Structures are given as structure tokens and as C-alpha cells.
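Please look through the structure below with its chains side by side, and follow the account that comes after it from one group of residues to the next.

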Amino acid sequence: MSVRVVLVRPWTDAHGGTGCCSGEARDGICFDSRVDGPLEHDAEVELVAAAYLRLRDELPELDVQIVSANNTAFLLPSVFRTVRRRRGAVAALREMNRATTAGSVLVDGERVGSVLELGVEGVVTEVRRRAARLTG
Amino acid sequence: MPAIVVAAVVGVLFFLGYRYYSAFLAERIYALDPAFVTPAHRFNDGMDFVPTNKHVVFGHHFTSVAGAAPIVGPAIAVFWGWGPALAWIVLGTIFAAGVHDFGSIAVSLRHGAKNIGTIAHDVISRRARTLFLFIIFFLLTLVNAVFAVVIGNLFVANPGAVIPIVVEIPLAIFIGQYIYRTRSAALVPSIIGVIGLYLLIWVGQQYPVDLAPLAEAIGFDNPRNLWVILLFAYTFVASRLPVWMLLQPRDYINSHQLFIALGVIGLGMLVGWNTIVAPVVNDVPEGSPSIFPFLFITIACGAISGFHSLVSSGTTAKQIDKETDARYVGYMGAVGEGSLATGAVLAATAGVVATTADWQALYPDFATASGGAVGNFVNGVGVFANNLGVPLDLAIIFAAVVVISFAATTMDTGVRLQRYIVQEIAEVAGWHKLARNLTLSGIVAVAIPLAMALIPGGGDAGYTFGVLWRLFGTTNQLTAGLALTVIAVWILRMKRNPLPAVIPLVFLLAMTTWALFSQFWDFVQADAWSERWVLAPLDAIIFVLAIWLIVEAVGALRGGSARAYDEMGSPLDDDTTTTSTR
């Protein structure tokens, strides 16, 4: 199974709320981006995107995903399951919390840093190092 | 019958629907191709278009579509008995919502992840996009009006819930700022937020906030109306804030609450082994709205919700990695919403009271039943929480806080979306000042639903539940009808059998137009001016939209669209959507 890398979206990359008849529907109702910007993004979002594209380009053998910080239905159980296998439940709970830091880089559930601090090159280097260690 | 047994049976039926019917749709109707290059791959920019694991997309999709709306309709519809309500939820989810949600993603994938409105413009007619905008405008108007009154009524009935809900706003802003400024993890602060919110339930119980004296002093005959005005003033401001500042941290808190509430309902039912005390089919008094067509518009969200097509074709389709993932994400999203609706039915029929006579006292006629529906759900969940050891009075406030939190988020986002629609319509109409002015478009987005929510009459609960909720249901079903028309035309162009989409489409349009027609005569003959001069014209406008949709649907299904498709469902005249393999 390939190593999974998760990049957590920046906190500001939020599009809408939740719930039937009020959920994230801006892209579903706006035409041609005329209204105040379904496609507008800030610099942090662009940085995460650049890191994501570089990782996919340079490390195609890895499973790279971008996940919203508020996608708890996926993020929390997946991190908990993966880390608990290796390091036990307490460490898994700690990593579960750390994983919800916006801009995080997770390699097989463990947070190795932040895209916002590491920068694109740093992310690629760190992920390559961790992935090599995991695949041994 | 024990509620948990019914829940288990529904779970099995949903599983069978997913296992067999969605597989049939994927293979024989939508002809999904694992080698098709999805828009997420084709336009991968790491921002909007991102090929994403199906479990990640499902997490996003489910939290975008699951909320308060699937609670209200089912809690009203048990008036006709829990049997018909549950039957429509189960059959609707399996044969209508599953087809619709799954199909909206599939058709969007073959059209470059464009939204349903844009695809309707392309495959049905130019007019279809305008129709889409008008339907969504009325849908959001009614959603915002209804939820304002839901919250207002709950605040009046549960004054202990006011402090927790009001304090949740600055609490969420503080948490959002803390996470953003310190770049810290979101989980622990948001859990502290949930704990803080629940501690405030105790404070709220000690210091209930009753606006009745103030409302009376100002001249309102019902304190709910003062709450409604305050709520719209708040949402006007909140809809101008960046999403990450208030909405996102509050959603974070709400996402924990969603799972807590689902756990409380499931565990509470199991521990308490509550039995359903409502009749399977209720012998409703003469003059009540009939099951056909009104059940099918009273329960929209939870059986089939057109709103899902906006999420499916707006954001979800841009993240689908393999075309075959659309089945899991779309169909399971519908099943998730159907499960919430099932929980609402069980809370309002098994948890709320202990005997059939007590239940019938809560649902003696449609007006009382619909006016008390959300309160019955709240009390039912309170009983389930009480089964787990939470004192009943606190448990009821807990349930009220959960429902109001979701309803308030619905309003926050609903007003924001309404502003976008106002801007879009203004742009189409050439009113550029309105289209570009956020304050002006925000005022329009707030003023119309506010006026709806304040319509006088309709008894203690107002018109919201008896009438506006049903009108909301019709607009939601029309949205679904538009999406199903697009899906059916697309299937037809692929030379496959369109019946899985056409059957729910015909059924929905028949129920919707029948209900609108029937209601119209009731409004026209009513004594109250508000029914004759506000609700009747509103009903007539939505009826015209329904007829317009039927004309467009018939025209498109008979071959009105000139657009050509290959055998896999990709338009041949659009190089951004052509079939290719990875």
C-alpha cells in the first residue's frame, strides 16, 4: 500500500456552511464567476496548491490528498486508525488533534510540519524523507 | 414496535439500495467508466479541481448536505402516521434521491464539472438557466423564512436555549480567530467550544431569556416576530463576514454536535428500547391535507432534495478522482440524509411520549401537528438523551440547542447564497448596480424572506409550518425536477434507458403541481388577506415555474436539445468534456 500524504487546506479556504439547503453550494449556483468569486483564493491556498502539484509531479508513487480542516468525518478516523496501528491510542489522539491544524502536512497520519512554514521545497524534501523511512 | 428495530430494517433497505440499485445505475444507466479522465484530473489546479480519495469527498459531501432540513419535514409528516412517512423516506431515498444525487455528479463530470444550472442551459434550453435561478431564488427565500420562524418559535418555547445559542456566536468567532492567528490545531479548541456550549445550557436554564415583555412594549403580538427581526439583522451582518471567520468555526462545533446527536439518538433508542406509539397510518380528521400529494412535498429533504444537485455539481464533481466514485459519494450522501430523516421520524413517534393517546394529543390536526413538529422532535431527542442518564430538562434544552445551532447555520449560509442569487438575477436582467453592490443585494436577500416570515396569521406557530414549509418543499422538489430533467435528457442522448430518472421526475412534478393547484384554491377562498393577497400569488408564481419546468422537460425529452453526445455521455461539441482515458 502506498504512503498517504494529506495536505490540510488553509483555514481561510472556506467556501460555505453545512446542511441541506444551505451547504457549500456557491459553485453550484454562481455562473461564470461573475459574483464575488467562487474561484478567488488567497496566497496560502495557492501555496498549498503549489506544494500539492509538486508532490504529485515529483513523487507520483505517493497517494497525495488535499483535505479541508473541517472534514472531520474523514480526517479524524483516518488519522486515528493509521497512527494507532504504529504508536498506540494516546499518540493517535494527539496526532488526531495536530492533524486539524490548517496547512498541515501529514505523512501516513503523522504531522511532519506545515506547508506555510516549510514552503514548497521543504514539503517535498520532508515528505520524501519520511516516505523513504516508512517504506524502508 | 421498538424504534431500534425499525431503524435496523431501514438500514438494511438502504444497504440493499446501495448494493444493488446504485450498482445497476452505475453500470447500466450512467455507464460509469473507471478510465474516464474526470475534470479533477483534467483541470487539476490543487485548489478547486483536485482528484480526491472518495472517502474524503464523501466527508465533504455529507457534511454539506446533512443538516436541520431533514428533521423538520419528517417531524411534521408523521401526522399521516409513521408508516407513510417512513415509506416515502425509504422509497424516495432509494429510487429518487439516490438517482438524483448520484446522477447530478455523473452528469456534471461529463460536462467539465459545470453546475446543474449551466448544464440545463446547455442541454435543455437558454431559458432553463433563468428558470433555475428563479426556482433557487424562491427555494432560498422560503428556507430563510422558515428557519427564522423555526428558531423564533424554539426560542419562545425554550428560553433556556437563548444564552447558549447567542454566546455561541462570539465563542465561534473567538475560536476561529485563535485558530487562524496562532495557527493551532482546530480539534481541541472546537471540542472546548462544544463543552462550553453545553455548560452554557445550565446557565441558560438558570437565566432564561424571554422577550415577550419587550415585544409587547414595542407592539408585537407575538415575541417570535421580534426574534425573527433580530435573526435577520444578525444574518445580514454575518453574511458579509468572510466564511472562515464565523461560519467555519461554528460549522466545526456543529459537526461535533451532529455526531453527538446521531450517537444520542441511536444509543438512546437502544438503551431505552422506546417503542413507536404513533399509529402506522393515522386516522386524520376530515379537512386535513391528504397524503397525496402533501406528504411528498412535506418531506423533501430526507426523501429527495433538489438542493443536493447544487452541491453535487458545484463542488463535489470537481473533486471526484474516478468516475466510478460518483456512486459511493452521491448515492451514500442521499442515504446519509435519509438516515437523518429516519431518526427524526423515530424521535417524533417513539421518543416524544409514552402512549398513543398522548401522541395523538400532540398531532390532533395538521396545524397543531405542524406547529409543534420541531418541538416534538426536540422533546423526543431529549427523551433519548434522558435514557442515557442526562436529566430530562437539561436533555431537552440540549436537543433544542442542537436544532437551533443547525437552523442558525442554515440561515447564515442561506442568506449568503440568496445574495449570490440576487446578484446573478440582477446580472442577467442587466441591473448592474444591484449585481455589484453587496449591501444592496444583501438587503434584498434579507428583506424578502423577512417579510415572508412576518406574514400575520396562521395561528400560534404562524404560516411557517402549515404553509410556507409546504411551499418550500415544492421549490425544493422543482429544483430536483430540473436536475432530473437534465439527467434524463443526458441518459437519453446516450441511448440508454431514462426511466430511472423519468419516473421520479414525473412523480415529483405531478405531486408538486397537484399540491400547488390544491393550495391555490384554499388560499383564494380563505378569509385572511395574507392568504389571498400574499400566499395565493406566491403559490401561483411557483405553479407557473412548475408548468414552465414541465414544458422545458417535455421539450427536452422529445429531442429539443440539439447537443450531440458520444455513447459514453460526453458532449461532442465541447473539447473540455470529451471522453478520454487515463
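In this predicted model, A:R87 has a relative accessible area of 38% and therefore counts as partly exposed. The side chain of A:R87 meets that of A:E110 in a salt bridge, with N and O 2.8 Å apart. Because A:R87 belongs to helix α3 of chain A while A:E110 belongs to strand β4 of chain A, the pair ties together parts that are 23 residues apart in sequence. The two partners are not covered alike, since A:E110 is buried at a relative accessible area of 17%, whereas A:R87 is partly exposed.

A second salt bridge also involves helix α3: A:D108 pairs with A:R86, and their closest N and O atoms are 3.9 Å apart. That distance can be read against the cut-off, which asks for a side-chain nitrogen of Lys or Arg within 4 Å of a carboxyl oxygen of Asp or Glu. Here A:D108 sits in the loop between β3 (104–107) and β4 (110–114) of chain A, and A:R86 in helix α3 (residues 72–87) of chain A, so this pair ties together parts that are 22 residues apart in sequence. The acidic partner, A:D108, counts as buried at 18% relative accessibility, while A:R86, at 38%, counts as partly exposed.

A third pair lies within one helix. The side chains of A:R98 and A:E95 form a salt bridge with an N to O distance of 3.2 Å, and because the two residues are 3 apart in helix α4 (residues 89–99) of chain A, they are separated by about one helical turn. At 5% relative accessibility A:E95 counts as buried, and at 32% A:R98 counts as partly exposed. What do these pairs form when they are taken together? A:R86, A:R87, A:E95, A:R98, A:D108 and A:E110 are linked in a network of salt bridges. Over all chains, the structure holds 18 salt bridges.

The chain that carries this network has 5 helices and 4 strands, and its elements run β-α-α-β-α-α-β-β-α from the N terminus on. Of the 136 residues in chain A, 64% are buried. Among the contacts in chain A between residues at least 6 apart in sequence, 60% join residues at least 24 apart. The accessible surface of chain A comes to about 5400 Å², and carbon and sulfur atoms account for 49% of that surface.

From chain A the account passes to its contact with chain B. To this contact chain B brings 74 residues and chain A brings 52 residues, and the area buried between the two chains is about 5400 Å², with 59% of it given by carbon and sulfur atoms. The interface has 1 salt bridge, in which the side chains of B:R183 and A:E44 meet with N and O 2.7 Å apart. Between the two chains, 13 residue pairs are in polar contact, counting those with both residues at pLDDT 80 or more. On the side of chain B that touches chain A, helix α19 (residues 392–429) gives the most, with 12 residues. By class, that side of chain B is made up of 35 nonpolar, 29 polar and 10 charged residues.

The partner on chain B in that salt bridge, B:R183, is found in the loop between α8 (162–182) and α9 (187–206) of chain B. Its phi is near 50°, a positive value in a residue other than glycine. With a relative accessible area of 38%, B:R183 is partly exposed. Another positive phi in a residue other than glycine, near 60°, belongs to B:K495, which lies in the loop between α22 (463–493) and α23 (499–525) of chain B. B:K495 is exposed, its relative accessible area being 76%.

Chain B also offers a cis peptide bond, which joins B:F292 and B:P293 with omega at about 10°, and B:P293 is found in helix α13 (residues 291–298) of chain B. Elsewhere in chain B, helix α15 (residues 325–351) holds B:V345, a buried residue with a relative accessible area of 0%. Which residues does B:V345 touch, leaving aside those up to four places away in sequence? They are B:P74, B:V78, B:W82, B:A85, B:L86 and B:I89. By contrast, the C-alpha atoms of B:V345 and B:P242, which are 103 residues apart along the chain, are separated by 36 Å.

How values were computed. Residues numbered from 1 in each chain as written. Chains lettered and ligands numbered in written order. Predicted model: local features only at pLDDT ≥ 70, side-chain atom pairs only at ≥ 80, totals over all residues. Heavy atoms only, no water. Contact = heavy atoms within 4.5 Å. Buried area = accessible area lost by both parts, 1.4 Å probe. Polar contact = N/O pair within 3.5 Å; in protein donor to acceptor, adjacent residues only side chain to side chain. Nonpolar A, V, L, I, M, F, W, Y, C, P; charged D, E, K, R; others polar. Buried < 20%, exposed > 50% of the residue type's maximum accessible area, 1.4 Å probe, protein only. Areas by Shrake-Rupley, 256 points an atom, 1.4 Å probe, with all protein chains shown as cover.
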